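Welcome! Here is a short set of exercises to help you get to know a protein you have not met before. Take your time with each task before reading its solution.

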Amino acid sequence: QVQLVESGGGLVQPGGSLRLSCATSGFSFDTAGMSWFRRAPGKERELVASISSSGGTTYYADSTTGHFTISRDNGKKTVYLEMSSLKPEDTAMYYCNRAYWNNRSFLPWGQGTQVTVSS
């Protein structure tokens, strides 16, 4: 059974940091490009960052370049998103899924993890 379980979100002040995790099971994680997406209230889902199956190549949306870092641990079948210098506009529900930029082969979505940036 495929599972994507996101965690690590929370309420943080502007300028703060968070580390999100996405634990996976039920598919061949070490051959899958993975991505983080987010959906803010009233907005469409957007790609935040992608990482290749080996972890050797990454892609970032313009809005997150320089203050988000995606990484993965193939042994733990987990993908991470380190977020720093957070801004109120980073407030959203964050999800992971099987994708690398526009190459998307989505699995059933997890429940996501809420990130709220507010003073």
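The exercises below work through this predicted model, each with a solution in steps.

**Exercise 1.** Find out how many helices and strands the protein has.

*Solution.* Start with the helices: there are zero. Next, look for strands, and you reach eleven. Reading along the sequence then gives the pattern β-β-β-β-β-β-β-β-β-β-β.

**Exercise 2.** Locate any disulfide, and decide whether its cysteines are buried or exposed.

*Solution.* Begin by searching the whole structure, which turns up one disulfide. Its partners are Cys-22 and Cys-96, with an S to S distance of 1.8 Å. That pair qualifies because the cut-off is 2.5 Å between the sulfur atoms. Now place the partners: Cys-22 sits in strand S3 (residues 18-25) and Cys-96 in strand S9 (residues 92-100). They are 74 residues apart, so the link joins distant parts of the chain. Finally, check accessibility: Cys-22 and Cys-96 are both buried.

**Exercise 3.** Work out whether the radius of gyration agrees with that of a compact globule.

*Solution.* First take the length, 119 residues. A compact globule with that many residues would have a radius of gyration near 14 Å. The protein has 13 Å, which agrees. To complete the picture, the C-alpha atoms fill a box of roughly 40 × 25 × 25 Å along the principal axes, and 44% of the residues count as buried.

**Exercise 4.** Describe the surface and the charges of the protein.

*Solution.* Take the area first: about 6000 Å² is exposed, with 46% of it supplied by carbon and sulfur atoms. Then count charged side chains: 11 are positive and 9 negative. The centres of these two sets lie 4 Å apart.

Methods. Residues numbered from 1 in each chain as written. Predicted model: local features only at pLDDT ≥ 70, side-chain atom pairs only at ≥ 80, totals over all residues. Heavy atoms only, no water. Helix = DSSP H or I, 4+ residues; strand = E, 2+ residues; numbered from the N terminus. Buried < 20%, exposed > 50% of the residue type's maximum accessible area, 1.4 Å probe, protein only. Rg over C-alpha atoms; globule rule 2.2 N^0.38 Å. Areas by Shrake-Rupley, 256 points an atom, 1.4 Å probe, with all protein chains shown as cover. Lys, Arg positive; Asp, Glu negative; His and termini not counted. Charge placed at Lys NZ, Arg CZ, Asp CG, Glu CD.
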